[in-house]
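Dear colleague,

Please find below the structure that I am handing over to you. My notes on what was found in it follow directly after.

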Amino acid sequence: MVTMLAALMAGGCKKDEYSLNTNIKTVEKLTAPVNNKFTKLQPATSATVLFEWDQARAEDGSLVLYEVAIDKESGDFSNPIARIPSDGGGVQNKLNLSHKDLNSLAGKAGIPALGTGKLKWTVLASKGFNIQPAKETRVIEVERPNGFAEIPVDVFLTGDATETGADLSKAQKLKSVTAGVFEIYTSLKAGKYKFTDRNSGTPNVFSLDNGLIREGGESTQAGATKVYRLRLDFNNAAVTVTEITGIGLWFAPDDKIMYELNYTSNGTWTFTDKVITFKQEGWGRDERYKFRLNVKNAAGADGQEWFGSSNADNNRPTSTTPAAFWELKPITNNDRWNYCYKFKTEVDTKACDVHVYFRTDKAYTHEVIIK
């Protein structure tokens, strides 16, 4: 009885033996794109490049996964620039790769903006830990557009020429205007300045050079302190430098500047303790106003810009008027009467402070404070 029980126990504890078959017949041929195919990259569009290859075969008939490996033209795939799973989570024997991603990879391969260069690619087929490269490699030639392949999420201004000095932790953050475009209203004194993508650690650095954004380096401000709007477009590696020589509160009834505002710091212009008096018309008291900027472009040409309301016409604000009423919007139609704000009724004949905020930490706006 004991012998039979021992035999049953021995039989019940016996492990099933299973051997995982990871043998595969790798990819024989790459099919698309053709070798040395030239592609002019357009990362701002939804364009893609289709990579295709023959299927690999698993010896046991099970699933094979694929990655496209991309390297420099001189690379050997021992440390590729990227390994990208194929479509369908690595299952399909094709990959649609966007021009945006290819532009990024080309940048990592050292191909400069507006430059032309080649990337080498192949396919890695895998089953378990068995990874087999295709028997063929190919090259794709790309032309990069102007602009940066990797657009920074944030941009900061720092240096001894800036309002906050060269302490990186105190760098001024630029406002994100649209995708890849950043701007700041600020003053620069004589000295050096640069832009970074972080305000800590060892960030990527950018400088300005004759209307272009360059990687690395520093820019130089010479002469007297001036106030600027700096707009950096990383999509096109371009910068627009506009000097702000003055901002005035423009009073529509008189068709002229009522008071000039003085720049203080941090994108703020102010006048204080000035009496604002509405104009008497036959129909009542007129209180319409907006703001005029006197500007000078990088070539030194003088011009004017107008900022006002998002509405062509407005009622007088009250204590319940939403904050958006005072937001500053660029006006391309500088018609005397349209897109003006209106002062509160209580402003008439009172001394007031007016602050204009082109600050990066909130919407561009202004406020009128009755003293």
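**A three-stranded sheet and a buried glutamate**

In this predicted model, strand E4, which covers residues 48-53, pairs with E8 in the antiparallel sense over five bridges. Two of the residue pairs may help you to find your place: Leu50 has Asn96 of E8 as its bridge partner, and Glu52 has Lys94 of E8.

These two strands belong to an open sheet of three strands, arranged in the order E2-E4-E8 with antiparallel pairing. Strand E2 (30-32) and strand E8 (94-98) are at the edges and have a single partner strand each, so one side of each is left without a neighbour in the sheet. From one strand to the next, the twist averages 25°.

Helix H2, formed by residues 99-108, packs on the sheet and touches both E4 and E8. The direction of H2 makes about 80° with that of E8.

Which residues of E8 lie on the covered face, and which on the uncovered one? Leu95 and Leu97 make up the covered face, whereas Lys94, Asn96 and Ser98 make up the uncovered face. In a regular strand, side chains alternate between the two faces of the sheet.

A separate point concerns Glu243, which lies in strand E21 (residues 238-251). Glu243 is buried but has no salt bridge. The nearest side chain of opposite charge is that of Lys226, 4.2 Å away; a salt bridge would require a distance within 4 Å. Leaving aside residues up to four places away in sequence, Glu243 touches Lys226, Val227, Tyr228, Asn294, Val295 and Lys296.

With kind regards

Key
Residues numbered from 1 in each chain as written. Predicted model: local features only at pLDDT ≥ 70, side-chain atom pairs only at ≥ 80, totals over all residues. Heavy atoms only, no water. Pairing = 2+ DSSP bridges. Helix = DSSP H or I, 4+ residues; strand = E, 2+ residues; numbered from the N terminus. Axes fitted to C-alpha atoms, helices over the stretch in contact; angles between N-to-C directions. Contact = heavy atoms within 4.5 Å. Buried < 20%, exposed > 50% of the residue type's maximum accessible area, 1.4 Å probe, protein only. Lys, Arg positive; Asp, Glu negative; His and termini not counted.
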